[in-house]
Amino acid sequence: MAEKLLEVKNLKTSFFTHVGEVKAVNDVSFDVYEGQTVGIVGESGSGKSVTSMSIMRLIAPPGKIVDGQIIFEGKDILKLSEKEMRDIRGNKISMIFQDPMTSLNPVFTIGNQLIEAIKIHNKVSKAQAKKRAVEMLKLVGIPSPERRLSQYPHEFSGGMRQRVMIAMALSCNPKLLIADEPTTALDVTIQAQILDLLKKLQQQLKMSIILITHDLGVVADICQKVIVMYGGIIVEEGTVDDIFYNPKHPYTWGLLRSVPKMHLGLKKRLVPIEGQPPDLLKPPKGCPFAPRCEYAMRVCLEARPPLFEVGDGHRSRCWLNHQYAPQELLEKVKAANE
Ligand SMILES: Nc1ncnc2c1ncn2[C@@H]1O[C@H](COP(=O)(O)OP(=O)(O)OP(=O)(O)O)[C@@H](O)[C@H]1O
Ligand SMILES: [Mg+2]
């Protein structure tokens, strides 16, 4: 049985803007086991990036982690000093960002940046760092890596830049890789190559991955566990099979309906989920999805449902699943009604 590597517990992260507190992540809990790939899906603004930036402790003012624990290898990283955290960021947890052009410096060569990253995190000579840089570029499938080292980011294609970013993120041999939409800026063929690469590297290096994406197809392909976020909270969590073959939350149903199905041909239109995401400045009292949910009942507008345990490791935050309610909750509701 694999060990638990990361445990996010009741994480709350807010942005304190001049118009008020934006509750971007509002009580999120999940685990990542060693060697596991966990997908986080959900529409724009649901809190996926803020969750990952919180794990990296890279939330900058006006943002702040307001509450919760992030236990990594048994230690709460929210309690570490900035220096200790830098150590973790470089050696244990790495992140790949969405747009490689903003993360690579255009005025330095790829070799320069890669060697620098390797030297910061490993006590090695320049020659050793260069050797490792070549190995890393080879590992991520860049041809003639020695020659490529002396080139600048603009001399690489988008897909290749993303490969360099992956090489940089992996150069410290992390236990956990967080990939925030690593392929959205790329065309589909390159996307598939990068994802194959991630899958291969994960097996080779035995790391855990948190993969953030809009794309359910990608999730089905490389994740074992899926977390569905909506309006700053987790609405459903389960294995890939749970989410694709036995989804329990109407928002997940909506997401699955909006996936294009090739066998139906292009004439079949996508079914978008009608309506707007919730205003995180004033999160609704009840379920944040209720105003857009075709199954909404009165209770949905009045009380936020708990994450019901609807199967082994399968959780859904919907009152439709009330038959899974724990006894003490049913008793509380009964008492309130008497
Ligand atoms: N610096 C900031 N100031 C104020 N609000 C912010 C800031 N950064 C993020 N937010 C808010 O936090 C919420 C969650 O944002 P987040 O970036 O996590 O969304 P996401 O799920 O990653 O979306 P996308 O799929 O578009 O990347 C959004 O409502 C966003 O407006
Ligand atoms: Mg994002």
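Let's start with aspartate 76, which sits in strand 5, residues 75-76. Helices and strands here are DSSP runs, numbered from the N terminus: a helix (H or I) needs at least four residues and a strand (E) at least two. Before going on, know that this is a predicted model, where local features need pLDDT of at least 70, side-chain atom pairs count only at pLDDT 80 or more, and totals for chains, interfaces and linings use all residues. Residues are numbered from 1 along each chain as its sequence is written, chains are lettered from A and ligands numbered from 1 in the order in which they are written, and side-chain values use heavy atoms, with hydrogens and water left out.

Is aspartate 76 buried or exposed? It counts as buried because its relative accessibility is 12%; buried means under 20% relative accessible area, exposed over 50%, and partly exposed in between (1.4 Å probe, protein chains only). Leaving aside neighbours within four places in sequence, aspartate 76 is in contact (heavy atoms within 4.5 Å) with Gln69, Ile70 and Ile71. With isoleucine 70, there is a polar link too: a polar side-chain atom of aspartate 76 lies 3.2 Å from the backbone nitrogen of isoleucine 70.

Just before strand 5 comes a little backbone oddity. Glutamate 73, in the loop between strand 4 and strand 5, has a positive phi of about 50° although it is not a glycine. Glutamate 73 is partly exposed, at 36% relative accessible area. Arginine 57 also has a positive phi, about 55°, without being a glycine, and its place is the loop between helix 1 and strand 4. Proline 62 lies in that loop as well, and the peptide bond leading to it from proline 61 is cis, with omega near 10°.

Now follow the chain back to helix 1 and look at the ligand. Which residues come nearest to ligand 1? Of the 14 around it, they are Ser44, Gly45, Lys48, Ser49 and Val50, where "around" asks for a heavy atom within 4 Å. Oxygen atoms of ligand 1 lie 2.8 Å from a polar backbone atom of glycine 45 and 2.8 Å from one of valine 50. Histidine 214 joins in with a polar side-chain atom 3.2 Å from a ligand oxygen. On its own, ligand 1 has 640 Å² of accessible area, and the protein covers 66% of that (Shrake-Rupley method, 1.4 Å probe). Strand 1 (4-17) and helix 1 (48-55) are the elements that give two or more residues to this shell, with helix 1 providing the largest share, 3 residues.

Next, the greasy inside. A nonpolar core is a set of buried Ala, Val, Leu, Ile, Met, Phe, Trp, Tyr and Cys residues joined through side-chain atoms within 4.5 Å. The largest one has 61 residues, and Ile96, Ile166, Leu177, Leu211, Val228 and Tyr251 touch the most other members. Helix 7 (residues 158-170) gives the most to this core, 8 residues. A second, separate core has 31 residues, including Ile59, Phe72, Met85 and Leu176.

Finally, why is helix 11 (residues 250-257) largely enclosed by the rest of the structure? Because 6 of its 8 residues are buried: Pro250, Tyr251, Thr252, Gly254, Leu255 and Leu256. These pack against strand 3 (37-41), helix 9 (216-222), strand 9 (225-230), strand 10 (233-239) and helix 10 (240-245).

Conventions: A polar contact is a pair of N or O atoms within 3.5 Å; within protein, one must be able to donate a hydrogen and the other to accept it, and residues adjacent in sequence count only if both atoms are side-chain atoms.
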